[in-house]
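Got the viewer open? Let's take a walk through this one, selection by selection.

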Amino acid sequence: MAIEVKDIMGCVAIAVMKDAPLTEIAEAMKRFAVSAVTVIDADRRPVGVVFEDDLLLTGADTVRPGMPMSEPVRQRQDHQKPADTTAAQLMTSPAITVTPGTCVRDAALLMHATRIKQIPVINVVTGRIMGTLHQRDVLRAVTRPAEELDADIGAVLPSPETFTIEIDQGVVQISGAAEWRSQAVALTERIRMIEGVVDVRSDVTFDKDDLLTVPRRCRRRHSRRPSRNRAASAAAWVRRCMLSLASRLDT
């Protein structure tokens, strides 16, 4: 069974309000030993994220992303004063979030794609923050010993004695025989959904192919229907015949 975010998430919501000053953001990062904090609005809904790198910009004499190059130096320095800087000014938005029902594998792919180490977990109904998913917890969930994977894979095999399983760094090699092609495909997909399985290489053979597709030419022949233009032309022809017949009867 696939592990979901709710199974490994932290119940502490590491977040600050939009008007939180720089000192409060830094204290939150230090207290929870994290490299980013979620920024929430008055309704506790995530609106952005402040990273450690964002804090460094407050003391640097450089132009921040999004700041016009033509802005006077004095005005740029005023923007960079730590005492006047809030989370809303530093944050990257929108916030990337997951829900408790999100598959841990999907969360791991999201972390990898966005290069972030923690994601706020929100209530699927209200959108309010309810916890935090950390990269270290995700890694523990998806990195599993081969013995555990072998046990979970054996549980989904219809006849374990007819299949051979080899596991190498999360990659599963399966060989054996099935009666139907659909059974071989379904088995591969079921193994692929197990947490900790990186990929599946299947050498499962089958006796009967029940996934044959109907040739396109045959499908067209059986599904041919009169077009709207043909139907309209036929209806017009019928109307003309009726009018002609009516005129003849009148004369």
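Start by selecting residues 181-192, which is helix 8 in this predicted model. Its 12 residues span 17 Å from first C-alpha to last, close to the 16 Å expected at 1.5 Å a residue.

Now show side chains on helix 8 and pick out Ala184, Leu187, Thr188 and Ile191: these are buried. Why do they sit on the same side of helix 8? Because the arc they cover around the axis is only 100 degrees. That fits a general pattern: an α-helix makes a turn every 3.6 residues, so residues three or four places apart point the same way.

What do those buried residues pack against? Add helix 7 (146-156), strand 6 (163-168), strand 7 (171-180) and strand 8 (199-208) to your selection, and you have the partners.

Keep the three strands and hide the helices for a moment. You're looking at an open sheet in the order 6-7-8, with mixed pairing. Strand 6 and strand 8 are the edges; each has a single partner strand, so one side of each is left without a neighbour in the sheet. On average, neighbouring strands here are turned by 15 degrees against each other, ignoring direction.

Zoom in between strand 7 and strand 8, which run parallel and are joined by nine bridges. For a landmark, click valine 171: aspartate 199 in strand 8 stands opposite.

Bring the helices back. Helix 7 packs on this sheet by touching strand 6 and strand 7, and its direction makes about 150 degrees with that of strand 6. Helix 8 touches strand 6, strand 7 and strand 8, with its direction at about 155 degrees to that of strand 7.

Next, jump towards the N terminus and select 15-17, 36-40 and 46-51, which are strand 1, strand 2 and strand 3. They form another open sheet, ordered 1-2-3, again with mixed pairing. Strand 1 and strand 3 are the edge strands, each pairing on one side only. The average turn between neighbouring strands in this sheet is 35 degrees, direction ignored.

Strand 1 and strand 2 run parallel, with three bridges joining them. Click alanine 15 and you'll find threonine 38 of strand 2 opposite. Then add residues 22-32: that's helix 1, packed on the sheet and touching strand 1, strand 2 and strand 3, at about 130 degrees to the direction of strand 2.

Last stop: colour by pLDDT. The chain's mean is 79, and 72% of its residues reach 70 or more. Residues 60-79 are below 50, with 17 contacts in the model beyond near neighbours in sequence. Where pLDDT is low, predicted coordinates should not be read in detail.

Notes: Residues are numbered from 1 along each chain as its sequence is written. This is a predicted model: local features need pLDDT of at least 70, side-chain atom pairs count only at pLDDT 80 or more; totals for chains, interfaces and linings use all residues. Side-chain values use heavy atoms; hydrogens and water are left out. Two strands pair if DSSP finds at least two bridges between them. Helices (H or I, at least four residues) and strands (E, at least two) are DSSP runs, numbered from the N terminus. Axes are lines fitted to C-alpha atoms, for helices over the stretch in contact, and angles run from 0 to 180 degrees between N-to-C directions. Contact means heavy atoms within 4.5 Å. The expected span of a helix is 1.5 Å times one less than its number of residues. Buried means under 20% relative accessible area, exposed over 50%, partly exposed in between (1.4 Å probe, protein chains only). The arc is that of the directions from the helix axis to the C-beta atoms. pLDDT is the predictor's confidence in each residue, from 0 to 100.
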